[in-house]
Amino acid sequence: MRRLKELIIEKTILLNGFACIFFVVLIFFFLAKDGLALFRTISIRDFLFGQLWNPIAEPPQFGILPLFLGSFLVTLGATAISVPLGMACAIFIGEIAPRWMRELLKAGVELLAAIPSIVIGFVGMTMLGPMVKNIFHLPTGLTALTGSFALAFMAIPTIVSIMEDAISSVPRSYKEGSLALGATHWQTIYRVIIPAASSGIVAAIMLGIGRVIGETMAVMMLTGNASVMPRTILEPVRTMTATIAAEMGETVHGSEHYFALFALGLVLFAITFIINLIADAALHRKRK
Amino acid sequence: MNKIETRDLSLFYGAFQALIGVDIAITEKMITALIGPSGCGKSTLLRTLNRMNDLIDGVRVTGNVLIDGKDIYGEKTDLVELRKKVGMVFQRPNPFPLSVFDNIAYGPRTHGIKRQSELEGIVETALTHVELWDTLKDKLDRFALNLSLEQQQRLCIARLVAVTPDIVLMDEPCSALDPFATGKIEELMFELKKAYTIVIVTHNMQQAARVSDRAGFILLGRLVEYGETRQVFTNPREKQTEEYITGRFG
Ligand SMILES: Nc1ncnc2c1ncn2[C@@H]1O[C@H](COP(=O)(O)OP(=O)(O)O)[C@@H](O)[C@H]1O
Ligand SMILES: [Mg+2]
């Protein structure tokens, strides 16, 4: 009887595991089927390196380079803001803060993670946009940089919590060994603790970036939505995710435009997949 | 003059008193062993000598610890200087997750030595001192955690030697090692004794008898007996010491 129960539970878990993989594969094929259909009419080169995205032109243009650069700039900006801040925060929580403050800060970070992205977009639109506009004397405050700031706030909780985990799980004996040699607390942090936690730190950064690339709502509200080739981070851009979200509703099922958005999704899928792969490799990095 | 001297030293972990009025005087260039049943306060006493207890929340220390006549719990104490001077070897070998070279260069680097040639010299001297140079001289970039446990513990000692301490504290340095490796580390201790004052905590009575010149027996936070190792082991003054040594408890 007990054996049977064990067997059923075991098989159920196994089945669930397979179901997860099955759905991922299914999604991939669905995406690939419609995405690859685009290349019956458009060359891969024109798609990846074309500098114009204009689906309603005659003939329609499906060059994703401006969208890719839009995503790239926003992500780069968000990374440049969130990684130093998140890292400092994680080190402070994991190593420096007294216990009561540690709990308080961790709760604060979790709270930040709980804010829906639409709310961050809203706050960004009413406060951040005008600020960016005034500081840099721009015609509009809805730029890649504005999106970067908002996305940085979404990436920070991910970065902080994973990094803090990595830092806290560095064996105490390393820290003691270092201090016992007369190193200061700060020397111990940057010469022993950070290197020892480096794989977790890289993973945290990668997952933070993954979160930023996939984000849609806030960037749609904040980046100005101009699908032109950006030259600086202070110009309006349009990201790949925002393009799909904005245009999916107006395409005709089975049209070239429709396939182009799927192909864009495929590119996005590939990028996040690679980033997760790097994060995974960092986490499981074997020592020589 | 005594190298290390404690006066009426007490230590509290919160409300729990782990050391009770300890007075001990430790002589230079000798091996002093601290013995006693587990949980009696040996590690705690050892860790008061380089102030590693400061890392633990809620620790309170009263009394004095004098090293070369200076109270290390005084206000002017520079912890960095103190720990350079009073090094520590831990129970489990704890090399950093770095290469052999970087492990040994760690201390000198943190104390401001940057020139590669100078560091190379220090690494060679330190490894020679712990008899690892011949085995490892071509493998200085090996990841330290891949060495055998005995080699790791030697490396930790070399790492210490590289900062030229005066005093070496060892907290059960052989408890993770097999008897053969233990013997090798003990030989090394005799070698080190020529240059350093060594205080070793051990629950291995044979080890204390083999290596130490002086021995202190601790029970429930008190230093019950302290004297020449031979006297403590063969002719203890206190009844509790005798009971412990003859194996009635502990
Ligand atoms: N960080 C700590 N907080 C509270 N009590 C502790 C701490 N470390 C040790 N103790 C207590 O102090 C006593 C002495 O511990 P320790 O010095 O480690 O003993 P030994 O090294 O002789 O085995 C033990 O009763 C132990 O439970
Ligand atoms: Mg102990």
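The pockets and salt bridges of a predicted model are described here.

The largest pocket holds about 700 Å³ of space. Its lining comprises 25 residues. Nearest the centre of this pocket lie A:Glu95, A:Arg172, A:Lys175, A:His185 and B:Leu55. Both chains supply elements with two or more lining residues. From chain A these are α3 (65-96), α4 (99-114), α6 (144-168), α7 (172-180) and α8 (185-196). From chain B there is α2 (79-85). By class, twelve of the lining residues are nonpolar, four are polar and nine are charged.

The second largest pocket has a volume of about 270 Å³. Residues of chain B line this pocket, among them B:Ile67, B:Lys70, B:Asp71, B:Gly74, B:Thr77 and B:Leu82. At least two lining residues come from each of β5 (70-71) and α2 of chain B. The α2 helix of chain B gives the most, with three residues. The class count here is three nonpolar, two polar and seven charged.

Salt bridges number 25 over all chains. One of them joins the side chains of B:Asp68 and B:Lys3, with an N to O distance of 3.1 Å. This pair links distant parts of the chain, 65 residues apart. B:Asp68 sits in the loop between β4 (59-67) and β5 of chain B. B:Lys3 belongs to the segment before β1 (4-13) of chain B. The two partners differ in burial class. B:Lys3 is buried because its relative accessible area of 5% falls under the 20% limit. B:Asp68, at 28%, is partly exposed. B:Lys3 and B:Asp68 also belong to a network of salt bridges that includes B:Glu28, B:Lys85 and B:Asp166. B:Lys85 appears again in the lining of the second largest pocket.

Two further pairs lie in chain B. B:Arg7 forms a salt bridge with B:Glu5, and their closest N and O atoms are 3.3 Å apart. B:Arg7 is partly exposed, with a relative accessible area of 40%. B:Glu5 is also partly exposed, at 23%.

In the other pair, B:Lys193 bridges to B:Asp213, with 3.2 Å between the closest N and O atoms. B:Lys193 lies in helix α7 (residues 179-193) of chain B, and B:Asp213 in the loop between α8 (205-211) and β9 (214-219), so the bridge ties together parts that are 20 residues apart in sequence. B:Asp213 is partly exposed, with a relative accessible area of 23%.

Methods. Residues numbered from 1 in each chain as written. Chains lettered and ligands numbered in written order. Predicted model: local features only at pLDDT ≥ 70, side-chain atom pairs only at ≥ 80, totals over all residues. Heavy atoms only, no water. 1 Å grid on protein atoms, 1.4 Å probe; cavity = no way out; pocket = protein on both sides within 12 Å on 5 of 7 lines; lining within 4 Å. Points joined across faces, edges and corners; volume = space filled by probe spheres on them. Helix = DSSP H or I, 4+ residues; strand = E, 2+ residues; numbered from the N terminus. Nonpolar A, V, L, I, M, F, W, Y, C, P; charged D, E, K, R; others polar. Salt bridge = Lys/Arg side-chain N within 4 Å of Asp/Glu carboxyl O. Buried < 20%, exposed > 50% of the residue type's maximum accessible area, 1.4 Å probe, protein only.
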